[in-house]
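Good morning, colleagues. I should like to take a few minutes to go through one model with you, beginning at its surface and working inwards.

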Amino acid sequence: MTYLTRAVFAGASLLLLLSAMALIGFGVSDAIDSIRSPDQSGADAVLDVLGYVIVAIAVFDVAKYIFEDEVRRGNEKRSAAEARRSLTKFLSTIVIALFLEALVVVFKTARADVSQLIYPTALLIASVLVLVGLGAFQRFSATVEEKVGDDDEAEERKEKARRASAR
């Protein structure tokens, strides 16, 4: 069952990676078509490409996260500190992508219809809330690690001792 699970996650990760590459390809293709079109400005084309690339980076990061945590590591036990670092790295990339996408949408909306700025503003607020949530998660999990005594080096020593005794 473990191999089947890893194969499914590997397939999903590969599909997400291919989707991210396709997004970049479609973005570049659309930009080239837009630049060749006389009725659309080059700035709009660049903003469109930025949107595609930002989403592609977020999708790629999800694929990388799934591959690293589910395919390479599998069901391997990890310390709370390692899980916290992994989740923080993943969410940091998503937050950056959200902020960048919100900025791109702000610029596009400001150029088209200023009355629609409420939607990019809501995206910016959501990005800030995700960032605040990540900060709260970091604070609470670090506090719990201090109380429980989660020490990565101690975990590594236990794992080495377990492996040595299994030989």
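Let me begin with a nonpolar patch on the surface, which covers about 380 Å² and is made by Ile 96, Leu 100, Leu 103 and Phe 107. One of these residues, Leu 100, lies in helix 3, which runs over residues 80-112. Leu 100 counts as partly exposed because its relative accessibility is 41%, between the limits of 20% and 50%. Please bear in mind that this is a predicted model.

Now the chain as a whole. The secondary structure comes to 5 helices and 0 strands, in the order α-α-α-α-α along the sequence. Of the 167 residues, 23% are buried. The accessible surface is about 11,200 Å², and carbon and sulfur atoms account for 66% of that area. As for contacts between residues at least 6 apart in sequence, 76% join residues at least 24 apart.

I turn next to two of the helices. Helix 1 comprises 35 residues, from 2 to 36; at 1.5 Å a residue it should span 51 Å, and its end C-alpha atoms are 51 Å apart, so the two values agree. Its buried residues are Ser 13, Ala 20, Gly 27, Ala 31 and Ser 34. What do the buried residues of helix 1 pack against? They pack against helix 2, residues 42-72.

Helix 4, residues 118-148, allows the same kind of check: its 31 residues should span 45 Å, and the end C-alpha atoms are 44 Å apart, which agrees. In helix 4 the buried residues are Pro 120, Ser 127, Leu 134, Ser 141 and Glu 145. The cover over these buried residues includes helix 3.

Finally, the charged pairs. How many salt bridges does the count come to? The count is 2. In one of them, Lys 108 pairs with Asp 48, with the closest N and O atoms 2.5 Å apart. This pair links distant parts of the chain, since Lys 108 is in helix 3 and Asp 48 is in helix 2, 60 residues apart. Lys 108 is partly exposed at 34% relative accessibility, and Asp 48 is partly exposed at 23%.

A salt bridge also joins Asp 61 and Lys 64, where the closest N and O atoms are 3.7 Å apart. Both residues lie in helix 2, 3 residues apart, about one turn of the helix. Is Asp 61 buried or exposed? Asp 61 is buried, because its relative accessible area of 7% is under 20%. Lys 64, by contrast, is partly exposed at 27%.

Thank you; I welcome your questions.

Key. Residues numbered from 1 in each chain as written. Predicted model: local features only at pLDDT ≥ 70, side-chain atom pairs only at ≥ 80, totals over all residues. Heavy atoms only, no water. Helix = DSSP H or I, 4+ residues; strand = E, 2+ residues; numbered from the N terminus. Expected span 1.5 Å × (residues − 1). Buried < 20%, exposed > 50% of the residue type's maximum accessible area, 1.4 Å probe, protein only. Contact = heavy atoms within 4.5 Å. Areas by Shrake-Rupley, 256 points an atom, 1.4 Å probe, with all protein chains shown as cover. Patch = residues over 30% accessible without salt bridge, like charges linked within 9 Å, V, L, I, M, F, W, Y side chains within 5 Å. Salt bridge = Lys/Arg side-chain N within 4 Å of Asp/Glu carboxyl O.
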